[in-house]
Protein chains: 2
Amino acid sequence: MRILLIGAGGVGNAIAKIAARRSFFESFVVSDYDLSRAEAAVAWIRGRHGERVAARFAATRIDASDPSSVAAVAREHRATHVMNAVEPSFVESIFAGALAAGADYLDMAMSLSHPHETEPYRRTGVKLGDAQFAENQRWEAAGRLALVGVGVEPGLSDVFARYAADELFSHIDELGTRDGANLVVRDDDGNEIFAPSFSIWTTIEECLNPPVIFEKRRLGEEGGGWFTTPPFSEPEVFDFPEGIGPVECVNVEHEEVLLMPRWLDAERVTFKYGLGAEFIGVLKTLHLLGLDSTAPLRVRSAAGPVEVAPRDVVAAALPDPATIGPRMTGKTCAGVWVTGTGKDGLPRSVYLYHVADNEWTMREYESQCVVWQTALNPVIALELLANGTWSGAGVLGPEAFPARPFLELMERPEAEGGYGQAWGLREP
Amino acid sequence: MRILLIGAGGVGNAIAKIAARRSFFESFVVSDYDLSRAEAAVAWIRGRHGERVAARFAATRIDASDPSSVAAVAREHRATHVMNAVEPSFVESIFAGALAAGADYLDMAMSLSHPHETEPYRRTGVKLGDAQFAENQRWEAAGRLALVGVGVEPGLSDVFARYAADELFSHIDELGTRDGANLVVRDDDGNEIFAPSFSIWTTIEECLNPPVIFEKRRLGEEGGGWFTTPPFSEPEVFDFPEGIGPVECVNVEHEEVLLMPRWLDAERVTFKYGLGAEFIGVLKTLHLLGLDSTAPLRVRSAAGPVEVAPRDVVAAALPDPATIGPRMTGKTCAGVWVTGTGKDGLPRSVYLYHVADNEWTMREYESQCVVWQTALNPVIALELLANGTWSGAGVLGPEAFPARPFLELMERPEAEGGYGQAWGLREP
């Protein structure tokens, strides 16, 4: 396997660092629009693991917005797998470039949605991933695999859902992804500050888009089972494990809802994000004031009027999520709450989850936990593809593949060739 | 009396329009940095009242930041009174320019405060108006009057406080200015929108500065009776009259607290602003995210990185308060809640107030009610100075003058030479 990683931001950087401990690939090219970021990732690997490990890695520049640049770099390095780790706005160009170069493709977020023109909070318009699934036949015909949504959420959550469907339930009422954390960021004086652990730009996009829900009973209707609600709908306090505790969660548009119903049988599929009451309030206020907008506004400045998008100003006013790792404490939890009927015919409710602790990820990888937890899963998936445990062609989600080998490789101790990452099953 | 009005923004424009119905002055020059705004005010008067009324008015350009420009324009037009109606950051230059030109001076907001360097939320630093009171001897020596803080709040509130001290109370426990409204702004589709009726820039300044409180028992302490608290302190729901109803009020830094104790005897002086829970939440969020800051940030834009102050972006994202009048309904109330011992020796609690209804101010003056209510009071004060009912020298607040003539002129019907503006006294 020859991997081309596109994007050396937080998640891309962590993917390279995690891969550096593994031996399943022949070469790993880290590419970025900003070459210095790609080089920094390789330099970190050289410093931590020595020249022998770093010899399998290379750094190069790429323009992710241009399919022909993506294809050219993939061909130049004879990439067998293109791993997309940039903003979702570049999904379509990388997806096309990988196919053109004859490589398999993996991503952690799918092509973007567009709200319904007249009833955005009732009906779906263009859904997450629609542009990719429309290309399924082309990928199948080429015998190439596009494994989409294989981060932590989507990704590990989809693996958990497949595991529940295969091994725990005879009938599933709801596949409810639930994501929550108890992360706290402090300033130099030790005071708690407001500093989201993921890009505020992307978070606004996710949270203010109409949340999408799947219900099997609506399959015959226009929309094919999928429908939308207003932002922040169906608030619920979910009690997260391992000391995180109760966090207010709301519906958010997310890939799981578009992926799981394509391969798994469930009455209902949802995604709720544990934003917490404070963060929900902040997002509502930004929307109320129009500060979530990406349309440039004319604003006075010392150099005369300038045109800036309010959302870019909000992002600039907050600490860079890439820099807050050392000042952050706490854990983040990703998982799926599955309800339905167990194999024994009795009602069952389980929460399958994985927790990442920021102090551990910082110590082991100099990577903050939210970013690191996302990066872990595509590396495991690549390893399963490299050794043939997973294989396929077309545009497929993680739930299209057997879950047990993934979870076994993930939890097996590092000394025994695994990733040493325990996962949990909580049953009330 | 020859008046030079500086500033033809919302309040300045309304002052000129209100003055146009009065005959107490000989000439009235409307000046602004933007000459077209000054000309627009005079053109409105010409259109509404005809050439004979407009003949007493003129428009000119001025640089309010430059005391010599202020003095030159005042001398050129032989102004006897300079009426300051611009942002408080220009108070000191206009104040100095008026004295240099030998004119009396009036304003509606006082020179700005600076927080205490080490204990901003406990002690005062430079207080509102300190820079002006420091010049008192110079004004007294010149025999010139600076009547400071003579809008609605400060202004009418100070007149009410003097009235209560003279005619209603033998001992005052608290002079508590309370300001609240039930204004609603709608978009073209009739949906309620977030659109503050006063400059968000100034509102942030007012609300995030440490609120100041006066307590007589602290007179001997450093600070001379004045102290500060954290923003939004002592929340209280105050029930406003004439259908406005209960509104959440919090302490806000305001001139009344600095003015009233200089002339009136009270155990405690406070100012609480009926921001309402939603607006308080918005201001807290802006502060949490650093979006209240006036320090320029580097932000990406289509034209490359630019430097903008987040607070300017917030102001640009919201509807211009000068344009929302036609889309606004509701009333605004300004008043003072006085508690203590009545003339009869019994406990007494009264709320003295004035209410402005936006539909009325828009119909009569094409001016929104918050702006119009502010503009009314300096015109009444000018009239009392013109006819000699009020006179004095030095830097004086409205409470340094007898209140009854002001309130009588204000409430007397227009047909009988008054302003036709009723005020209320509510006693539980």
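How many residue pairs are in polar contact across the interface of domain 1 of chain A and domain 2 of chain A? I looked this up before anything else in the predicted model, and with both residues required to be at pLDDT 80 or more the rule finds 32 such pairs.

**Entry 1: the two domains of chain A**

I noted the bounds before going further: domain 1 of chain A covers 2–152 + 371–426, and domain 2 covers 156–370. The C-alpha centres of domain 1 and domain 2 of chain A lie 20 Å apart, and I find 51 residues of domain 1 in contact with 54 residues of domain 2. Between them these domains of chain A bury about 4,600 Å², of which 57% is on carbon and sulfur atoms. On the domain 1 side I looked for the residues that lose the most area to domain 2, and these are A:Tyr121, A:Glu399 and A:Arg426, together 18% of what that side buries.

I then turned to the charged pairs, and the count between domain 1 and domain 2 of chain A is four salt bridges. I also looked up A:Glu167 and A:Arg404, whose side chains meet in a salt bridge at 2.4 Å, N to O. Several elements of chain A give two or more residues to the side of domain 1 that touches domain 2, among them helix H1 (10–19), helix H2 (35–49), helix H15 (403–411) and strand E21 (424–426). The largest share of that side comes from H14(A), with six residues. Sorted by class, the side of domain 1 of chain A that touches domain 2 has 30 nonpolar, ten polar and eleven charged residues.

**Entry 2: chain A against chain B**

Here I recorded 24 residues of chain A in contact with 24 residues of chain B. The two chains bury about 2,200 Å² between them, and 75% of this area is on carbon and sulfur atoms. I count two salt bridges between chain A and chain B, and I also noted that A:Asp312 forms a salt bridge with B:Arg300, with the closest N and O atoms 3.0 Å apart. For polar contacts, the count between the chains is two residue pairs, both residues being at pLDDT 80 or more.

I next asked which parts of chain A face chain B: helix H11 (276–288), strand E15 (297–299), strand E16 (306–308) and helix H12 (310–317) of chain A each supply at least two residues of that side. H12(A) gives the most, with six residues. By class, I find 17 nonpolar, two polar and five charged residues on the side of chain A that touches chain B.

**Entry 3: salt bridges within the chains**

Over all chains, the structure holds 61 salt bridges. I picked out B:Glu222 and B:Arg123, whose closest N and O atoms are 2.9 Å apart. This pair links distant parts of the chain, since B:Glu222 sits in the loop between strand E10 (212–215) and strand E11 (226–228) of chain B, and B:Arg123 in the loop between strand E5 (104–106) and helix H6 (130–133) of chain B, 99 residues apart. B:Glu222 is exposed at 65% relative accessible area, whereas B:Arg123 is partly exposed at 27%.

I then looked at B:Arg348 and B:Glu427, which form a salt bridge with the closest N and O atoms 2.5 Å apart. B:Arg348 lies in strand E19 (residues 347–357) of chain B and B:Glu427 in the segment after strand E21 (424–426), so this pair ties together parts 79 residues apart in sequence. I recorded B:Arg348 as partly exposed, at 23% relative accessibility, and B:Glu427 as partly exposed, at 38%.

The side chains of B:Glu408 and B:Arg404 meet in a salt bridge at 3.7 Å, N to O. These residues, B:Glu408 and B:Arg404, are separated by about one helical turn, because they are four residues apart in helix H15 (residues 403–411) of chain B. I find B:Glu408 partly exposed at 37% and B:Arg404 partly exposed at 41%. In chain A, I noted that salt bridges that share partners join nine residues into one network: A:Glu174, A:Arg178, A:Glu215, A:Arg217, A:Arg218, A:Glu234, A:Glu236, A:Arg268 and A:Lys272.

**Entry 4: helix H4 of chain B**

In H4(B), residues 67–76, I find B:Ser69, B:Val70, B:Ala71, B:Val73 and B:Ala74 buried. What covers these buried residues includes strand E1 (2–6), strand E3 (57–61), strand E4 (81–84) and helix H5 (91–100) of chain B. Just after H4(B), I noted that B:Arg78 takes a positive phi of about 50°.

Technical notes:
Residues are numbered from 1 along each chain as its sequence is written. Chains are lettered from A and ligands numbered from 1 in the order in which they are written. This is a predicted model: local features need pLDDT of at least 70, side-chain atom pairs count only at pLDDT 80 or more; totals for chains, interfaces and linings use all residues. Side-chain values use heavy atoms; hydrogens and water are left out. Buried means under 20% relative accessible area, exposed over 50%, partly exposed in between (1.4 Å probe, protein chains only). Contact means heavy atoms within 4.5 Å. Buried area is the accessible area (1.4 Å probe) that two parts lose on being put together, summed over both. A polar contact is a pair of N or O atoms within 3.5 Å; within protein, one must be able to donate a hydrogen and the other to accept it, and residues adjacent in sequence count only if both atoms are side-chain atoms. Ala, Val, Leu, Ile, Met, Phe, Trp, Tyr, Cys and Pro count as nonpolar, Asp, Glu, Lys and Arg as charged, and the others, Gly among them, as polar. Domain bounds come from an automatic or database domain assignment.
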